Every structure is written in structure tokens, then in C-alpha cells.
Amino acid sequence: MTVSYERRGPVAVVTMNRPEYRNAQNSAMTYALDEAFSRAVDDAEVSVIVLAGAGDHFSAGHDIGSPGRDVDQSFERRAVLWWDHVGRTGGDLRYAREMEVYLGMCRRWREIPKPMIAMVQGACVAGGLMLAWVCDLVVAAEDAFFADPVVRMGIPGVEYFAHPWVLGPRAAKEVLFTGDRFSAARAYEWGMVSRVVPRAELEEETFRLAGRISAMPQFGLALAKRAVNQSEDLMGLRAGMDSVFGLHHFAHAHNAEVGADALAGMDARAMKEASG
Ligand code: ZN
């Protein structure tokens with residue numbers, strides 16, 4: 001199972017479960033996450049959702065190299081009403097696929113009417129950031145590290161472009177321009193994470209926070225979440241993301257036009273080597 005689901009009282013725990021690939025996110029995992037979140041939304045006993053990653057790392061990002069990579073497969077689409085990417089070519093293929101499984105799914109999850117807490121240890125990189133960012137709160141272990149290194153591929157950030165809103169514009173630029181890892185402590189200074197705790201206390205702190213929240217009325221929580229999300233959208237998040245999604249796909253297309261492929265010939269190993 002690529003995703004596991006567990007109930008602990010009023011808290012649903014959704015766990016990415018590909019630790020051998022540092023929870024690299026393929027489409028199978030994306031749709032399994034969506035199913036788990038749907039189950040938690042429908043369960044009236046659940047007030048808070050915790051998103052976790054099994055093993056030493058939260059998520060190393062999108063699957064660009066594991067044997068389970070499934071970019072050529074069809075899945076029943078849920079995020080947007082658009083045609084299947086399978087059987088399409090070029091920008092048509094990439095736009096259809098990424099609008100559904102990356103931007104569309106992340107937006108869908110951001111609107112889940114129950115508070116979500118990301119419980120982050122180890123790597124939270126590129127596509128992994130997107131998963132943490134759609135959560136309302138982030139509890140990070142001291143060993144957690146974050147990065148969006150995709151400028152190395154000539155691409156201006158991952159598909160769900162929340163960077164300026166969750167990091168602030170200046171930190172967003174530093175993170176993108178250098179591609180460097182930043183620590184949980186730094187992420188806390190920038191306001192991107194809610195708490196930083198020793199690794200041994202990560203679970204305890206996350207569930208303590210989830211427990212406090214679950215004492216609140218569900219409908220009040222749903223409205224409070226929507227209130228903040230709508231305010232973020234009024235600060236330009238949604239429209240900004242739409243415009244940057246165009247730049248993102250322009251970069252993919254440029255890569256494909258001048259080079260070997262849409263990722264500028266970079267695979268998981270090349271990205272790791274380039275980051276030292
Ligand atoms: Zn992309």
C-alpha cells in the first residue's frame with residue numbers, strides 16, 4: 001500500500017508509505033492520498049487530519065526515477081475536468097497531466113474542510129514541499145530539511161507555486177535562486193512551519209496540537225479555514241499560481257525544444273549530485 005490510513009480518536013493519520021524511495025510521489029500515491037483524505041472528510045468522527053511520511057523522510061518529491069514511476073498511466077481523474085494526458089503529446093500532454101495530478105490535486109486538498117497538519121521529518125523537497133504547503137499547519141522535527149531545487153532544471157519552482165505566500169518574497173527568491181536546503185529552524189523563522197521539535201517528540205507534539213484543535217466545533221474549524229484561505233486568495237495566491245503555472249509550462253516546453261526532455265535531462269540522481 002502506497003498510503004496507509006489510521007484513526008486515532010478524532011484524528012485521521014494519512015501516511016505516505018514508500019520509505020524505500022523516500023516517499024517519492026507517483027500518481028498511484030497521489031490518488032491513494034486523495035482516497036484517504038476523502039475518507040477522513042466523510043468520517044464525522046474525524047476532526048483533524050495528520051499527513052505523515054513513513055521512514056526517515058517526509059517526501060523527496062515527485063517520482064522522477066523509481067521503478068514505480070507511472071507518468072504514462074491513466075487514472076480516473078478527480079481534480080479537474082480535462083482530457084486524459086495519455087495519448088497526447090508535447091505541451092498538451094504535460095499541461096493535462098500536471099494540471100490534474102499536481103496543481104489540481106494540491107488545490108483540491110488545500111480546500112479540505114478539516115484542519116490538516118503535516119508532520120515532517122527528514123527530506124521535504126520540491127513536490128514534498130507542495131504536500132506540506134497544502135496542510136494548514138506544519139510540525140517539523142529538528143532534522144527536517146526543505147528545498148525547491150528545480151531552477152536547476154530551468155524551471156521556476158514546483159507546480160503549486162505558493163512560495164511567495166508561505167516564505168515571503170525575499171526568502172522565496174533565495175530558496176529558488178540557490179536551490180539550497182534550508183533547515184526547520186530557518187523555515188520557522190520565515191513562518192513556513194508552525195513548530196520545530198526534537199525528532200523524538202515529533203509525534204507527541206503533532207498529536208497534542210491535533211488534540212487541542214479537535215476540541216473545537218467542526219463547522220467552526222471549516223469556516224475558519226475557509227476564511228484564511230479566501231483571504232490568501234485575495235492576497236493573490238490563486239491568481240498568482242495560475243499565471244506562474246504558465247511560466248512553469250513554458251519552461252518545460254523550452255527544455256523539450258532545445259534539449260533532451262522537459263526536465264532538462266535531469267533525473268533523480270543528477271539532481272542529487274548537483275545539490276552536493
Ligand atoms: Zn512540471
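**View 1. Helices and strands that cover the buried residues of helix H5 in this predicted model.** Helix H4 (163-167) and strand S8 (182-183) are among the elements that cover the buried residues of H5, where contact means heavy atoms within 4.5 Å and where helices (H or I, at least four residues) and strands (E, at least two) are DSSP runs numbered from the N terminus. Residues are numbered from 1 along each chain as its sequence is written, and side-chain values use heavy atoms, without hydrogens and water. Because the model is predicted, local features need pLDDT of at least 70 and side-chain atom pairs count only at pLDDT 80 or more, whereas totals for chains, interfaces and linings use all residues.

**View 2. The two sides of helix H5 (residues 169-178).** Ala-171, Ala-172, Val-175 and Leu-176 are buried (under 20% relative accessible area, with exposed meaning over 50% and partly exposed in between; 1.4 Å probe, protein chains only). These residues cover an arc of only 130 degrees around the axis, which puts them on the same side of H5; the arc is that of the directions from the helix axis to the C-beta atoms. On the other side, Pro-169, Arg-170 and Phe-177 are exposed. Gly-179, which follows H5, has a positive phi near 70 degrees.

**View 3. The open sheet of six strands, with mixed pairing.** The strand order is S1-S2-S3-S4-S6-S9, two strands being paired if DSSP finds at least two bridges between them. Strand S1 (3-8) and strand S9 (195-197) are the edge strands, each pairing on one side only. Strand S6 (residues 137-141) runs parallel to S9 over three bridges, and Ala-141 has Val-197 in S9 as its bridge partner.
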